[in-house]
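Got a structure open and wondering where its labels come from? Let's go through some of them one at a time.

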Amino acid sequence: MNSIKISARHCFSAAALALAAMSAQAGPLFGSNLIVNGDAETDVATSWLAFDGYARPQAVDYGSNWVLPTQPGPANRGKRMFAGDGARTAGYQLLDLAGTLTQPLSFKLSGWLGGWASQGDNALLYVSFLDGSDSEIGHAALGPVTPADRGNATGLFYREVSNWLPVGTSRLMFSLSMERLGGGDNDGYADNLAFVLDAPAPSVVPEPAGWSWLVLGVLALAAGARRRHPGA
């Protein structure tokens with residue numbers, strides 16, 4: 001298990017969070033990627049917040065110091081990818097669904113994860129399903145991709161999981177962490193991260209009707225509030 005796995009159960013409580021002032025419509029709820037800047041192509045500081053005591057994942061250019069464009073990775077990899085920054089790297093973003101799910105919805109979580117040669121540095125993408133009191137009622141995860149999984153090759157490798165978003169979910173929290181186990185750089189890598197919800201059957205009507213659009217809210221830790229320490 002990744003020793004710095006970040007989840008809502010381990011790292012925040014409802015009393016420790018304040019909603020930031022981002023309330024623009026972010027696009028259709030169904031059939032679209034709900035992870036903002038999941039490809040690291042735009043400014044990471046505007047899309048991912050760092051957990052207290054951790055560095056934010058950094059966006060780096062594909063190249064000789066990280067992953068070459070010719071090494072394993074997504075065909076549509078763009079210019080940048082995520083890498084760790086220091087020994088303790090973990091960032092998050094939170095999506096307010098503006099309602100509580102009354103029927104389960106299917107989802108697919110996918111992404112490219114990897115590392116450097118035989119080093120054990122790795123990345124983990126963890127999604128917490130939160131109820132109205134910000135308690136975790138379920139989760140999904142990708143990674144880590146170990147050196148053995150990569151055949152000791154430097155690069156990024158595709159992973160995906162499909163499942164059901166549980167009844168009672170009202171928020172999603174996406175956490176991306178990188179663990180450094182060797183060398184000077186944190187070579188936990190990630191790119192093209194995506195979380196997509198399938199449209200419900202016509203007979204399934206989430207509440208409220210405003211679910212056709214989601215409101216994006218990135219939660220910051222409130223000053224002086226309590227914080228739970230990550231743990232296994």
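Q: This is a predicted model, so a first stop: in which loop does Pro144 lie?
A: Pro144 lies in the loop that runs between strand S9 (136-142) and helix H2 (147-150).

Q: What makes the peptide bond between Gly143 and Pro144 a cis one?
A: Look at omega: for the bond joining Gly143 and Pro144 the angle is about 0°, and the bond is cis.

Q: What is notable about the phi of Ala117?
A: The sign. Phi is positive, about 45°, although Ala117 is not a glycine. You'll find Ala117 in the loop between strand S7 (105-115) and strand S8 (122-130).

Q: Why is Ala117 called partly exposed?
A: Its relative accessibility is 23%. Buried means under 20% and exposed means over 50%, so Ala117, at 23%, counts as partly exposed.

Q: What about Asn152, and where is it?
A: Asn152 also isn't a glycine, and its phi is positive, near 60°. It sits in the loop between H2 and strand S10 (155-165). With a relative accessible area of 46%, Asn152 is partly exposed, because the exposed label needs over 50%.

Q: How do you know which strands stand at the edges of the sheet?
A: Start with the order: S4-S5-S12-S7-S10, 5 strands in an open sheet with antiparallel pairing. Strand S4 (58-61) and S10 each have a single partner strand, so one side of each has no neighbour in the sheet, and these two stand at the edges. From one strand to the next, the twist averages 35°.

Q: What makes S4 and S5 count as paired?
A: Pairing takes at least two bridges, and 4 bridges join S4 to strand S5 (residues 80-83), so the two count as paired. The two strands run antiparallel. One of the residues to click on is Val60, whose bridge partner in S5 is Met81.

Q: Why is the pair of Phe107 and Phe129 called edge-to-face?
A: There are 8 aromatic pairs in the structure. In the pair of Phe107 and Phe129, the centres are 5.4 Å apart and the planes make an angle of 65°. The centres must lie within 6.5 Å for a pair, and planes over 60 degrees apart count as edge-to-face, so this pair gets that name. Phe107 is in strand S7 and Phe129 in strand S8, so the pair ties together parts 22 residues apart in sequence.

Q: Are those two rings buried or exposed?
A: Phe107 has 3% relative accessibility and Phe129 has 2%. The cut-off for buried is under 20%, so Phe107 counts as buried, and so does Phe129. Both belong to one aromatic cluster with Phe174 and Phe195.

Q: How do you know that Arg88 sits over the ring of Tyr54?
A: The charged end of Arg88 is 4.2 Å from the ring centre of Tyr54, and the distance cut-off is within 6 Å. Arg77 lies over the face of Tyr62 in the same sense, at 5.1 Å from the ring centre.

Q: What is the average pLDDT of the protein chain?
A: The average is 81, and 74% of the residues score at least 70. Over residues 1-27 the pLDDT is below 50, and that stretch has 88 contacts in the model beyond near neighbours in sequence. Residues 204-232 are also below 50, with 95 such contacts.

Note on methods:
Residues numbered from 1 in each chain as written. Predicted model: local features only at pLDDT ≥ 70, side-chain atom pairs only at ≥ 80, totals over all residues. Heavy atoms only, no water. Buried < 20%, exposed > 50% of the residue type's maximum accessible area, 1.4 Å probe, protein only. Axes fitted to C-alpha atoms, helices over the stretch in contact; angles between N-to-C directions. Phe/Tyr/Trp six-rings, centres within 6.5 Å; stacked < 30°, edge-to-face > 60°. Lys NZ or Arg CZ within 6 Å of the ring centre and 35° of its normal. pLDDT = per-residue confidence, 0-100. Contact = heavy atoms within 4.5 Å.
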